[in-house]
Amino acid sequence: QVQLVESGGGLVQPGGSLRLSCAAPVSMFINVMGWYRQTPGNQREPVASISERTNYTDSVKGRFTISKDNAKNTVYLQMNSLKPEDTAVYFCYAEQILNPVKYWGQGTQVTVSS
């Protein structure tokens, strides 16, 4: 069973910042890592991904930055200028080379509220 370990969620005021981390086993040959988020009653939606390039959903462009430490198989999501609508459970994922199956983290709660 592949486990991705997330950290970094929490409560922050609007306009604040948080940094999420997600570590995959170093034995994985990773092609893509990224983040989804989910609010109650809604489907999980993509936020950002990183492989040879980065991709962002429109609502976070210019505010969120995804990066990856290849030696550690760890992906980061720096979230700045947070808004209440960013409140969600954030899930990281990893896909291996030649295997499009997504492996997921356990999820971390991000709450943006005054």
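**The Cys 22–Cys 92 link and the nonpolar core**

Author: In this predicted model, the link of Cys 22 and Cys 92 is right-handed, with 55° about the S-S bond. The two partners lie 70 residues apart, Cys 22 in strand 3 and Cys 92 in strand 9, and the pair thus links distant parts of the chain.

Reader: Why is the pair of Cys 22 and Cys 92 called a disulfide?

Author: The S to S distance between Cys 22 and Cys 92 is 1.9 Å. The criterion is a pair of cysteine sulfur atoms within 2.5 Å, so the pair qualifies as a disulfide.

Reader: How many disulfides does a search of the whole structure find?

Author: The search finds one.

Reader: Is Cys 22 buried or exposed, and what supports the assignment?

Author: Cys 22 has 1% relative accessibility. Buried requires under 20%, and Cys 22 therefore counts as buried.

Reader: What of Cys 92: buried or exposed?

Author: The value for Cys 92 is 0% relative accessibility; set against the cut-off of under 20%, Cys 92 is therefore buried as well.

Reader: Which residues touch the most other members of the largest nonpolar core?

Author: They are Met 33, Trp 35, Val 47, Phe 64, Leu 77, Met 79 and Tyr 90, in a core of 26 residues. Strands that each supply at least two residues of this core include strand 3 (18–23), strand 4 (30–38) and strand 9 (88–96). The largest share, four residues, comes from strand 9.

Reader: Which residues does Met 33 touch, not counting residues up to four places away in sequence?

Author: Among them are Leu 4, Cys 22, Ile 50, Ile 66, Val 75 and Tyr 93.

Notes
Residues numbered from 1 in each chain as written. Predicted model: local features only at pLDDT ≥ 70, side-chain atom pairs only at ≥ 80, totals over all residues. Heavy atoms only, no water. Core = buried A, V, L, I, M, F, W, Y, C linked by side-chain atoms within 4.5 Å. Buried < 20%, exposed > 50% of the residue type's maximum accessible area, 1.4 Å probe, protein only. Contact = heavy atoms within 4.5 Å.
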